[in-house]
Amino acid sequence: MSAPTDVDFDRLVAELVERVLDDPTGALGPSVYETARLVSLAPWLDGDAARVRYLLDEQRSDGSWGGPGGYALVPTLSATEALLAVLGREGGELPLPPAALVEAARRGLAAAAALVACSAEEPVPSTVVFFMVIPALVEGINARLAVLGADRCSRWRCRTG
């Protein structure tokens, strides 16, 4: 199905942006999920340390990130995978102290496990997230943990047992 040719999409987008900016409850801000994707996939971009700091600052006391209930799973997986990516960077140069990164990643893993365990009572929203994003993030976390391995983890006192 193609878009109608008589619709001025530029005008519609401009109106939407104007309405969001006019409504203080509709303001858009940084996203944990997307910030974590940049940390993981594009660390060479300016502002990497600020993005990593943002992830640490946004982590909740229970170790998760994001919305309530099932809505926290994707941001939590994304942020955890990103922190593991930072810890696995070659060259050993980290944007923040390793202990803070390790602790945040450890708490994120525990929170993600708890969210998955609770998903029977409080299901994850049934969207593309469930079928595509969650499996990809879990696969990424598992791959990052495999790369870090016992040798890398012991360097930062990142024991799992």
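**Confidence, helices and salt bridges in a predicted model**

Over residues 152–161, pLDDT stays under 50, and for this stretch the model has 18 contacts beyond four places in sequence. Where pLDDT is low, the predicted coordinates should not be read in detail. The structure here is a predicted model, so a look at confidence makes a sensible start. For the chain as a whole, the mean pLDDT comes to 82, with 79% of the residues at 70 or more.

Next up is helix H1, which spans residues 9–22 and holds Val 17. Val 17 has a relative accessible area of 44%, which makes this residue partly exposed. Together with Val 13 and Leu 21, Val 17 makes a nonpolar surface patch of about 300 Å². H1 also has a salt bridge, in which the side chains of Arg 11 and Glu 15 meet at 2.6 Å, N to O. These two residues of H1 are four apart, about one turn of the helix. An α-helix has 3.6 residues a turn, so residues three or four places apart point the same way. Both partners are partly exposed: Arg 11 has 42% relative accessibility, and Glu 15 has 32%.

Helix H5 offers a similar story. Glu 103 and Arg 106 both belong to this helix, three residues apart, again about one turn. Their side chains form a salt bridge with an N to O distance of 2.9 Å. Glu 103 is partly exposed at 36% relative accessible area, and Arg 106 is partly exposed at 35%.

Now for salt bridges on a wider scale. In the whole structure, a search turns up seven of them. One is the bridge between Arg 37 and Glu 81, whose closest N and O atoms are 2.7 Å apart. This pair ties together distant parts of the chain, with Arg 37 in helix H2, Glu 81 in helix H4 and their positions 44 residues apart. Arg 37 counts as buried because its relative accessible area, 16%, is under the 20% cut-off. Glu 81, with 4% relative accessibility, is buried too.

Ser 78 sits in helix H4 as well, and at 0% relative accessibility this serine is buried. What does Ser 78 touch, not counting residues up to four places away in sequence? The list is Val 32, Tyr 33, Ala 36, Arg 37 and Leu 137. Take Arg 37 from that list: Ser 78 and Arg 37 are 41 residues apart in sequence, yet their C-alpha atoms are 6.8 Å apart in space.

That leaves helix H3, residues 48–58, where Arg 51 is found. The buried residues in H3 are Asp 48, Arg 51, Val 52, Tyr 54, Leu 55 and Leu 56. Cover for them comes from elements including helix H2 (32–41), helix H4 (73–87) and helix H5 (98–118). Arg 51 is a bit of an oddity, being buried yet without a salt bridge. How far away is the nearest side chain of opposite charge? That side chain belongs to Asp 48 and lies 4.7 Å from Arg 51. A salt bridge needs the atoms within 4 Å, so this pair misses the cut-off. Arg 51 still has company: setting aside neighbours within four places in sequence, its contacts are Thr 35, Leu 38, Val 39, Ala 42, Leu 45 and Asp 46.

Methods:
Residues are numbered from 1 along each chain as its sequence is written. This is a predicted model: local features need pLDDT of at least 70, side-chain atom pairs count only at pLDDT 80 or more; totals for chains, interfaces and linings use all residues. Side-chain values use heavy atoms; hydrogens and water are left out. Buried means under 20% relative accessible area, exposed over 50%, partly exposed in between (1.4 Å probe, protein chains only). Lys and Arg count as positive and Asp and Glu as negative; His and the chain ends are not counted. Contact means heavy atoms within 4.5 Å. pLDDT is the predictor's confidence in each residue, from 0 to 100. Patches are made of residues with over 30% relative accessible area and no salt bridge: like charges are joined within 9 Å, nonpolar side chains (Val, Leu, Ile, Met, Phe, Trp, Tyr) within 5 Å. Accessible areas come from the Shrake-Rupley method with a 1.4 Å probe; for residues, only the protein chains shown count as cover.
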